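Reader: I'm new to reading models like this one. Could you walk me through it, feature by feature?

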Amino acid sequence: MKLYFDQETERKLLQLGRKKYVKTLTLTILWCVLVLGAWIAYIVYSGQSWNSPSVFAYPLLCLLPFFPFRVQKILFSKNFYGTVESARLIPSHKAISGPITYSQAKELEIMTAEVVFRGDHGEKRTVTYTEASVLAKDLYYRKDDRVLVIRGLKYPVKYPIPETEEYICPVCGNFIKPGKRSCRWCRTDFG
């Protein structure tokens, strides 16, 4: 039997993701309108053609939110209940040059967590975390944990929300004290 949050808690959690989605969509649209306006203004005031080589940068600027900032991960994802299919630690190293000692190499090692969430209806989402909150003590997300993955938020919410141990804020990723339903860091209230 699949388990779900009660309607009120689920509504508040989904509202957090909706706020992030609307903000991202609004900023992306404003950026594209601003670039389009600058493109048109440049064409009008310089007297050049819309397809001249000097204006090719404007369409590329419209892509700026998608590639370095990855807004497509927010805009085109969806909400779903699921389970943690796999969670593993992956050691990697910072890029360096020149000879180093063993102790310096250990200091340059970075631990990341790769977590795969599998939805009840076949959805799949893989997220790589570098945040200390996910990597603290043991991995925060463990195989077969029940979660609600929310569009716009990087941190899925465990079901049920732990009452006796710290858990991760779905908005900012900081730990929330046991029994609390609001984050003291980002001031998000979802309980």
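Reader: Which element gives the most to the lining of the largest pocket?

Author: Keep in mind that this is a predicted model. As for the general idea, rolling a probe the size of a water molecule over the atoms shows where empty space is left. Here, the largest pocket holds about 380 Å³ of space. Strand S3 (124-129) and H3 are the elements that give two or more residues to its lining, and S3 gives the most, with four residues.

Reader: Which residues lie nearest the centre of the largest pocket?

Author: Of the 13 residues in the lining, those are Lys73, Ile74, Arg125, Leu153 and Lys154. Sorted by class, the lining has five charged, four polar and four nonpolar residues.

Reader: How much space lies in the second largest pocket, and which element gives the most to its lining?

Author: That one has about 230 Å³. H1 gives the most to the lining, with five residues, while H1 and H3 each supply at least two. Among the lining residues are Lys20, Thr24, Thr28, Phe69 and Arg70. Lys73 and Ile74 are on the list too, and you've met that pair beside the centre of the largest pocket. By class, this lining splits into four nonpolar, four charged and two polar residues.

Reader: Let's turn to H1. What span does it reach from its first C-alpha to its last?

Author: Helix H1 runs over residues 7-46, and its 40 residues reach 57 Å, close to the 58 Å expected at 1.5 Å a residue. Just after H1, Gly47 takes a positive phi of about 75°.

Reader: Which residues of H1 are buried?

Author: A bit of background helps. An α-helix has 3.6 residues a turn, so residues three or four places apart point the same way. In H1, the buried residues include Leu13, Leu14, Gly17, Tyr21, Thr24 and Thr28, and further along Val35, Trp39 and Ile43. What covers the buried residues of H1 includes helix H2 (57-62) and helix H3 (72-75), along with strands S4 (146-149) and S5 (157-159).

Reader: And the strands? In which sense do S1 and S2 pair, parallel or antiparallel?

Author: The general idea: in a regular strand the side chains alternate between the two faces of the sheet. S1 (residues 80-93) pairs with S4 over four bridges, in the antiparallel sense, and Thr83 has Arg146 of S4 as its bridge partner. S1 and S2 (residues 109-119) also pair in the antiparallel sense, over eleven bridges. One place to look there is Arg88, whose bridge partner in S2 is Glu114.

Key:
Residues are numbered from 1 along each chain as its sequence is written. This is a predicted model: local features need pLDDT of at least 70, side-chain atom pairs count only at pLDDT 80 or more; totals for chains, interfaces and linings use all residues. Side-chain values use heavy atoms; hydrogens and water are left out. The expected span of a helix is 1.5 Å times one less than its number of residues. Buried means under 20% relative accessible area, exposed over 50%, partly exposed in between (1.4 Å probe, protein chains only). Contact means heavy atoms within 4.5 Å. On a 1 Å grid over the protein atoms alone, a cavity is a set of points where a 1.4 Å probe fits but cannot get out, and a pocket is an open set with protein on both sides within 12 Å along at least five of seven lines; lining residues have an atom within 4 Å of a point. Grid points are joined across faces, edges and corners, and a volume is the space filled by probe spheres set on the points. Ala, Val, Leu, Ile, Met, Phe, Trp, Tyr, Cys and Pro count as nonpolar, Asp, Glu, Lys and Arg as charged, and the others, Gly among them, as polar. Two strands pair if DSSP finds at least two bridges between them.
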